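I opened my notebook to this one with a cup of tea and a short list of things to look up. Here is the model, and then what I wrote down.

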Amino acid sequence: MQMIYCTCNVSVLESLLKIIEENKIRAYQVIDQVTAKNKLGAPRFNDPVWPGYNSAVLLQVKDAEKVECLAKEVKAFNQNAFNESELVTFCSWNLNHYFFD
């Protein structure tokens with residue numbers, strides 16, 4: 001079981017959720033407004049100086065093939081991004097306990 005954390009500009013959240021749904025991943029949570037200072041691009045603190053914000057998606061995925069497929073699709077999405085503000089951050093780690101499974 002893997003926990004996946006994705007964060008992205010709110011402008012690409014719908015595209016990210018579409019990728020997730022197309023991979024038949026049903027267990028995830030969306031945190032709509034996340035302020036962030038990103039590695040690339042301008043900060044997004046949703047204020048007059050740094051407008052905009054990110055969204056975060058947390059996923060719990062049992063199938064290792066789905067994790068790899070999702071990682072590849074997010075990477076492909078990033079390669080086709082219009083600019084660095086549209087990049088999706090993707091990271092995963094082992095999930096030792098998941099009690100709703």
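I began with Leu-59 and asked what it touches beyond its neighbours within four places in sequence. With contact taken as heavy atoms within 4.5 Å, I listed Gln-2, Met-3, Ile-4, Cys-6, Ile-20, Ile-25, Ala-27, Tyr-28 and Leu-70.

A note on ground rules: this is a predicted model, where local features need pLDDT of at least 70, side-chain atom pairs count only at pLDDT 80 or more, and totals for chains, interfaces and linings use all residues. Residues are numbered from 1 along each chain as its sequence is written, and side-chain values use heavy atoms, with hydrogens and water left out.

Next I looked up the largest nonpolar core, a core being a set of buried Ala, Val, Leu, Ile, Met, Phe, Trp, Tyr and Cys residues joined through side-chain atoms within 4.5 Å. It has 16 residues, of which Leu-16, Leu-59 and Leu-70 touch the most other members. I found at least two core residues from each of strand 1 (2-9), helix 1 (13-22), strand 3 (54-61) and helix 2 (64-79). Helix 1 gives the most, with four residues. For these elements I used DSSP runs numbered from the N terminus, helices being H or I with at least four residues and strands E with at least two.

Then I turned to strand 1. Seven of its eight residues are buried, so the strand is largely enclosed by the rest of the structure; I counted under 20% relative accessible area as buried, over 50% as exposed and anything in between as partly exposed (1.4 Å probe, protein chains only). I also checked its pairing, which requires at least two DSSP bridges between two strands. Strand 1 runs antiparallel to strand 3 over eight bridges, and Thr-7 has Ala-56 as its bridge partner there. Strand 4 is joined to strand 1 by six bridges, also antiparallel, with Asn-94 as the partner of Gln-2.

My last stop was Cys-69, which I found in helix 2. Is Cys-69 buried, exposed or partly exposed? My entry reads partly exposed, because its relative accessible area is 31%. I also noted that its C-alpha atom is separated by 15 Å from that of Met-1, 68 residues apart along the chain.
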